[in-house]
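User: I should like to learn how to read a structural model step by step. Could the teacher begin with the matter of confidence?

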Amino acid sequence: MNISQATALRAVKRAPEQAVALVERLIKRPLFGCQMCGHCILQDTAFICPMSCPKGLRDGPCGGTDMYGMCETDPTMPCVWLRIYERAERMGRMDRLMKLQDDLDWRREGSSEWIPLLKRVVSRGRSLNQDERTAQ
Ligand code: SF4
């Protein structure tokens with residue numbers, strides 16, 4: 001197999017994942033301002049994407065807001081983390097907000113988060129089924 005055939009084969013293998021990523025982008029971008037970081041933490045940030053922070057902070061505010069809660073990098077926008085905090089409090093999701101987030105793996109940028117999520121759900125379902133079978 002030459003290099004161009006190998007490249008074509010790789011592209012064909014990645015096509016389904018890229019199609020899912022495209023659908024995910026088309027849905028999440030308008031809804032959440034998603035930037036396809038590849039490791040979604042919306043469920044922990046009261047469904048406000050932390051990647052809309054101009055500094056890209058995923059684990060809380062930088063502390064540089066002005067007295068009105070406006071961002072120091074972009075004074076035209078309220079601090080993303082202030083919005084996250086207020087909404088998490090309203091939604092009763094403070095426990096999730098306090099969770100420490102893993103470092104972002106930039107190699108996953110642009111890839112779908114739905115595929116690993118689906119794999120986790122399927123494997124959890126399988127292990128639950130196995131637990132039920134061993135309990136019988
Ligand atoms: S956390 Fe990442 S995947 Fe989730 S909405 Fe924000 S940019 Fe998109």
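Analyst: The pLDDT is the predictor's confidence in each residue, on a scale from 0 to 100. It is needed here since the model is a predicted one. In this protein, helix H2 (residues 80-91) has the highest confidence, with a mean of 97, while helix H4 (residues 114-135) has the lowest, with a mean of 84.

User: What is the average pLDDT of the protein, and what percentage of the residues score at least 70?

Analyst: A general caution comes before the case. Where pLDDT is low, one should not read the predicted coordinates in detail. Here the average is 91, and 100% of the residues reach a score of at least 70.

User: How many helices and how many strands does the secondary structure contain?

Analyst: One counts the elements and then reads their order. The protein has four helices and zero strands. Along the sequence the pattern is therefore written α-α-α-α. Helix H1 covers residues 3-32, and helix H3 covers 94-97.

User: How does the radius of gyration of the protein stand against that of a compact globule of 136 residues?

Analyst: The idea is to set the value for the model beside the value expected for a globule. For 136 residues, a compact globule would have a radius of gyration near 14 Å, whereas this protein has 19 Å. The box filled by its C-alpha atoms, taken along the principal axes, is roughly 60 × 55 × 25 Å.

User: Which domains does the domain assignment give?

Analyst: A domain may be assigned from separate pieces of sequence, as this case shows. Domain 1 consists of 1-31 + 111-136, and domain 2 consists of 40-103. The C-alpha centres of these two domains are 28 Å apart.

User: What share of the contacts between residues at least 6 apart in sequence joins residues at least 24 apart?

Analyst: That share is 54% in this protein. Individual pairs may also be examined by comparing their separation along the chain with their separation in space. Met98, in the loop between H3 and H4, is 54 residues from Asp44 in sequence and 8.3 Å from Asp44 in space, C-alpha to C-alpha. Ala11, in helix H1, is 98 residues from Glu109 along the chain, and their C-alpha atoms are separated by 18 Å. For Pro78 and Ile3, 75 residues apart along the chain, the C-alpha separation is 50 Å.

User: Is Ala46 buried or exposed, and why?

Analyst: One counts the other C-beta atoms within 10 Å; a residue is buried at 20 or more and exposed at 12 or fewer. Ala46 counts as buried because it has 20 C-beta neighbours inside 10 Å. Across the protein, buried residues make up 12% of the 136 residues. Ala11 counts as exposed because it has 10 such neighbours. Met98 is also exposed, because 10 other C-beta atoms lie within 10 Å.

User: What is the phi value of Ala46, and where in the protein is this residue placed?

Analyst: Phi is a backbone angle, and its sign is the point to read. Ala46 has a phi near 55 degrees, a positive value in a residue other than glycine. Ala46 is in the loop between H1 and H2. Phe47 is in the loop between H1 and H2 as well, and its phi, near 65 degrees, is again positive in a residue other than glycine. Phe47 counts as partly exposed because it has 14 C-beta neighbours inside 10 Å.

User: Which residues are in contact with Met77, leaving aside its neighbours within four places in sequence?

Analyst: Contacts show what surrounds a residue apart from its sequence neighbours. Met77, in the loop between H1 and H2, is in contact with Met70 and Cys71. Pro78 lies in the loop between H1 and H2 and touches Gly69, Met70, Cys71 and Arg83, with residues up to four places away not counted. Pro78 is partly exposed because 15 other C-beta atoms lie within 10 Å.

User: Which residues are around the ligand?

Analyst: One lists the shell and then sorts it by residue class. The residues around the ligand are Lys28, Phe32, Cys34, Gln35, Met36, Cys37, Cys40, Ile41, Leu42, Cys49, Met51 and Glu113. This shell divides into nine nonpolar residues, one polar and two charged.

Technical notes
Residues numbered from 1 in each chain as written. Predicted model: local features only at pLDDT ≥ 70, side-chain atom pairs only at ≥ 80, totals over all residues. Near = placed C-beta within 6 Å. Nonpolar A, V, L, I, M, F, W, Y, C, P; charged D, E, K, R; others polar. Helix = DSSP H or I, 4+ residues; strand = E, 2+ residues; numbered from the N terminus. Rg over C-alpha atoms; globule rule 2.2 N^0.38 Å. Contact = placed C-beta atoms within 7 Å. Domains from an automatic or database assignment.
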